[in-house]
Amino acid sequence: MFALASRIVIGGMPFTFVVAHAQTPPSADGKSDAAKQNEEVLRIWKQQSGSTVELKTNDTSSSTKIEFHGEVRADMYSRDVSVPAGSGNLQTPYGTGTFFNLVTRGDLRATSADGNVTYAQATVTNSNDRTILSRYPNQLTNFQVGQTGQGYQWMLGDVAVNYSQLSSSMGLRGFYGNMQFGGGYSLFGHAGVLADSWEALADRGALDGNPARTRYLRDVFGVKLEKAFMPGLKVYVTAQSFDDQDGSLASSAVSLLPATTRSFTTGLSYQEGQFNLTGEVGMSRYQEKYQEARNGHAEILDGTYQLGSFRFRGGYHNLSSSYMSLAQSVSPGIHESYFGTDWTAANWMTLGVEYRDSNLTTASYTPVPPPQDPALPALSPVVGTTTKTKSLTSRATLNFGPDLPGWGLTFQDTRTRVTDAAGAETPSSNFLTTLNYSSQTWNGMVSAGVGRVNSTANPQADSRTNTVQLQLGRQFSGATPTMPASWTANASITAGRQVQNLINIGTSTTTTNYGLTFAYQMPNSLVMNASVLENITTQPQGGPDLKTIRLQLDASYPLGLGFKAPVMLKAYIRDNVMNMGDPLLRTRETAAGILLTYAW
């Protein structure tokens, strides 16, 4: 049996963190020493938190491990922002003052002898910096309780669902669970609410006086049943719905009508050897309040196949503009097909090409300002507009191998032609080549690119853009042939230039950037970082050049302080001067602070 305890004071309140693990035979009273020790851990936890936690086990001789992990990050800093008099603070969201940001994370879990894990975890943020928490002085940013075991899982709180591309793929506040059954069956399910935050869900009053919610609370529900017929073949069906809570949004924030949706999909995934295939079809029914329902359909198919040195891929996506789901993998209104292949022509050369042909149709509806009177006529759809896009991408990757170790060269060329609903075409092209080098002590990169745009709809937007980027880095180490490194360091310089010429207007804009970074680290000891970046942009109408310089310095060092784990102390300073050269836009931000981090 062993038990570890740490004590820390946060905001004047003492907290004791205990980890116990035991596996001993039961005593005369029928309780093992492990059970007694775990009860003591829970007693301490209850005493310090005011919460009741009960450990249950059917076998008093079994081993249950109870752990509490977490992290506290306390950031205290001062910031000064200066702007030209009378210009307003338009170039930065930051303000002048002294601020703090306190982030607390906790994770309490119990692991039974059979591997089942029951847990509760949460993250709370407290800050007086409105650029971090814009609407509240404190916020519950994450909360979840759950359990995982052999063949099942469930969780409550902030949960993520990802069934398929056409069904449900989202984060929600509610319940999610899955369970495996005999015969290769698996069942997944979720139920909850879509809300911007826990504070919005609770309709908590905001500091800015505006409504807590910016969109309707949306009740969501869904299930997925999956059947594995063989190791490589799975077939599934899904059903999901959402219902906006009418009245959950303040009238001053209403811009859309509340809506409901029902959708169903069925799909498969198949893999055998070097062949992979996924497909899914779906149907949906979407209805806004007082309006006629809109039915939608969707079909997608994607596959890949490796044949010797060739790898083929292709797909077909067809979604009506009225298809509605809670997954954003494929956009509604898209009708596209694509095909591509990669060829390993030699152990030092790979060639690839991909062609994509897509049409995007958007359908709009006559806007009706809320509240909508049921006696008014229903929304009538406007004829959808379709944008056609054809693109061809070619690429090559060269690895020079043992003849020139560490060297690599890549080329990529993309040609695109976009045709709008009026038939106006906008062809464009982009070419980029990059030379890379990497070794144990040196690394570098040189890239050059050129892009062209020609538009019959807007000839003034015709342009040519040339780009060049350079990077060189060097690693240093205190290692010797007989001793590991007592310190490491690296330095890097970057430089780049981009020139965009508007051909038919006769103007150009040039952006030039430089950078220098340095890092130094001693294992389990001092860490230092420094960087300076400069960016200069010319104005096309001949105004003064706009220069921005960003400087950052920080140093971190672990403090013992007698805790189980060290407290990491980080001191930093940042100085950003933006739009130098223009007296009306020049803005300077200076910040200095200390960050304390304790993780256990």
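This text walks through the protein chain shown above, from the overall picture down to single residues. Keep in mind that the structure is a predicted model.

Let's begin with the whole chain. It has 600 residues, and buried residues make up 34% of them. The chain contains two helices and 28 strands, so strands will be our main topic, given that a strand here is a DSSP run of at least two residues. The accessible surface comes to about 32900 Å², with 59% of it belonging to carbon and sulfur atoms. How much of the contact network links residues that are far along the chain from each other? Among contacts with a separation of 6 or more, 51% are between residues 24 or more positions apart.

Now find strand β8, which covers residues 169–180. It runs antiparallel to β9, and eight bridges join the two. One of the places to look is Q180, whose bridge partner in β9 is S186. Together, β8 and β9 form a hairpin with four residues between them. In the turn sits G183, which has a positive phi of about 80 degrees.

Is β9 enclosed or open? Strand β9 spans residues 185–194, and seven of its 10 residues are buried, so the rest of the structure largely encloses this strand. On to its next neighbour: β9 is also joined to strand β10 (residues 218–230), again in the antiparallel sense, by 10 bridges. Here you can spot V193 standing opposite D219 in β10. So β9 has antiparallel partners in both β8 and β10, a picture that rests on the rule that two strands pair if there are at least two bridges between them. While looking at strands, it helps to know that in a regular strand the side chains alternate between the two faces of the sheet.

R173 gives us a closer look at β8, the strand in which it lies. Is this arginine buried or exposed? R173 has a relative accessible area of 15%, so it counts as buried, because buried means under 20%. Its side chain reaches the backbone oxygen of D196 at a distance of 3.2 Å. Leaving aside residues up to four places away in sequence, R173 touches G157, D158, G192, V193, A195, D196, S197 and W198. You have already met V193 in this list, as the residue opposite D219.

A little further along is D203, in the loop between α2 (198–201) and β10. What is unusual about its backbone? D203 has a positive phi of about 55 degrees although it is not a glycine. This residue is partly exposed, with a relative accessible area of 47%.

Next comes another set of strands. Strand β11 (residues 233–244) pairs with strand β12 (residues 259–272) in the antiparallel sense, over 11 bridges. Within this pairing, K234 stands opposite S269 of β12. Strand β12 also pairs with strand β13 (residues 275–288), again antiparallel, this time over 14 bridges. L268 has G279 in β13 as its bridge partner. These two strands, β12 and β13, form a hairpin with two residues between them. G273 lies in that turn and has a positive phi of about 60 degrees.

Let's turn to the aromatic rings. A search of the whole structure finds 13 aromatic pairs. Which residues gather into one cluster? F310, F312, F339 and W343 do. Rings also meet charged side chains: the charged end of R356 sits over the ring of Y338, 4.5 Å from its centre. Likewise, K224 lies over the face of F188, at 5.4 Å from the ring centre.

Our last stop is strand β27, which covers residues 567–580 and includes I573. I573 is partly exposed, with a relative accessible area of 39%. Its contacts, not counting residues up to four places away in sequence, are L551, Q552, L553, A591 and A592. Take A592 as an example: it is 19 residues from I573 along the chain, yet their C-alpha atoms are separated by 4.3 Å. N579 lies in β27 too. Its phi is near 60 degrees, a positive value in a residue other than glycine. Is N579 buried or exposed? At 13% relative accessibility, N579 counts as buried.

Conventions:
Residues numbered from 1 in each chain as written. Predicted model: local features only at pLDDT ≥ 70, side-chain atom pairs only at ≥ 80, totals over all residues. Heavy atoms only, no water. Phe/Tyr/Trp six-rings, centres within 6.5 Å; stacked < 30°, edge-to-face > 60°. Lys NZ or Arg CZ within 6 Å of the ring centre and 35° of its normal. Buried < 20%, exposed > 50% of the residue type's maximum accessible area, 1.4 Å probe, protein only. Polar contact = N/O pair within 3.5 Å; in protein donor to acceptor, adjacent residues only side chain to side chain. Contact = heavy atoms within 4.5 Å. Areas by Shrake-Rupley, 256 points an atom, 1.4 Å probe, with all protein chains shown as cover.
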